[in-house]
Amino acid sequence: MDFLTVIAAPFGRLGMACRDGELVELRFLAAGAALRAPAPGSLEAEVARQLDAYYADPRHVFTVPYRLHGTAYQQRVWARIAAIPCGETRRYLDLSNVLASSPRAVGGACGRNPIPIIIPCHRVVASAGLGGFSQSTGDETLDIKRWLLRHELG
């Protein structure tokens, strides 16, 4: 997807998409992605402002309207992830036990989270290690997960 708004983040770039007055996607982009400022007064500008507030204080509570597009199962997983407090983590196994599912299925839903950071899938980790992040186990995305966890855990 070509994003109309691309903002700087401490770990690279974020592309965002809003539709009908709701945030529908945040995507991690390469650090060199061209910046595209949000229109003044737009929902995108408010999302950017709230992300900046989160970078300044990880306890910031997001209040932007959003819509999550996904299956009923993904919606259940994302609701559980959204309930994980800042500064805490849960294992894929923990969530799978609560959802009567499997850790792999939970991981798949985490990877398809359309608005990471706001739905904090970085707070879900493997039983032994970090696990994946944003449908990847590559260094670039895992570095973002590490940054977010360090930011929140102090």
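How far apart are the end C-alpha atoms of α5, and what should its 15 residues span at 1.5 Å a residue? The end atoms of α5 sit 20 Å apart, and the expected span is 21 Å, which agrees. That expected span is 1.5 Å times one less than the number of residues in the helix. Helices here are DSSP runs of H or I with at least four residues, strands are runs of E with at least two, and both are numbered from the N terminus.

A word on the ground rules: this is a predicted model, where local features need pLDDT of at least 70, side-chain atom pairs count only at pLDDT 80 or more, and totals for chains, interfaces and linings use all residues. Residues are numbered from 1 along each chain as its sequence is written, and side-chain values use heavy atoms, with hydrogens and water left out.

Now for the sheet. Three strands make up an open sheet in the order β1-β2-β3, with antiparallel pairing. Because β1 (5-9) and β3 (22-29) stand at the edges with a single partner strand each, one side of each has no neighbour in the sheet. From one strand to the next, the twist averages 30 degrees, where axes are lines fitted to C-alpha atoms (for helices, over the stretch in contact) and angles run from 0 to 180 degrees between N-to-C directions. Strands count as paired if DSSP finds at least two bridges between them. Strands of a sheet pair through backbone hydrogen bonds, either parallel or antiparallel.

Going pair by pair, β1 and β2 are antiparallel over 5 bridges, and Ile7 has Leu14 in β2 as its bridge partner. These two strands form a hairpin with 2 residues between them. On the other side, 7 bridges join β2 (residues 12-19) to β3, again antiparallel. Here Gly15 stands opposite Arg27 in β3, while Arg19 has Glu22 as its bridge partner. The hairpin of β2 and β3 also has 2 residues between the strands, and Asp20 in this hairpin takes a positive phi near 50 degrees. As for cover, 7 of the 8 residues of β2 are buried (buried means under 20% relative accessible area, exposed over 50%, partly exposed in between, with a 1.4 Å probe and protein chains only).

Next come the helices. Helix α1 (residues 43-56) lies across β1, β2 and β3, running at about 140 degrees to β2. The buried residues of α5, including Leu142, Ile144, Leu148 and Leu149, pack against β3, α1, α3 (92-99) and β5 (124-125), with contact meaning heavy atoms within 4.5 Å. Just after α5, Gly154 takes a positive phi of about 80 degrees.

Finally, the aromatic rings. Rings of Phe, Tyr and Trp (its six-membered ring) pair if their centres lie within 6.5 Å; planes under 30 degrees apart count as stacked, over 60 as edge-to-face and the rest as tilted. The count comes to 7 aromatic pairs. The Tyr54 and Phe62 pair is tilted, because the ring centres are 5.7 Å apart and the planes stand at 40 degrees. Tyr54 is buried at 1% relative accessibility, and Phe62 is buried at 19%. Tyr55 and Trp147 make an edge-to-face pair, with 6.1 Å from centre to centre and 80 degrees between the planes. Since Tyr55 lies in helix α1 and Trp147 in helix α5 (residues 139-153), this pair ties together parts that are 92 residues apart in sequence. Tyr55 is buried at 13%, whereas Trp147 is partly exposed at 21%. Phe11, Phe28, Tyr54, Tyr55, Phe62, Phe133 and Trp147 form one aromatic cluster.
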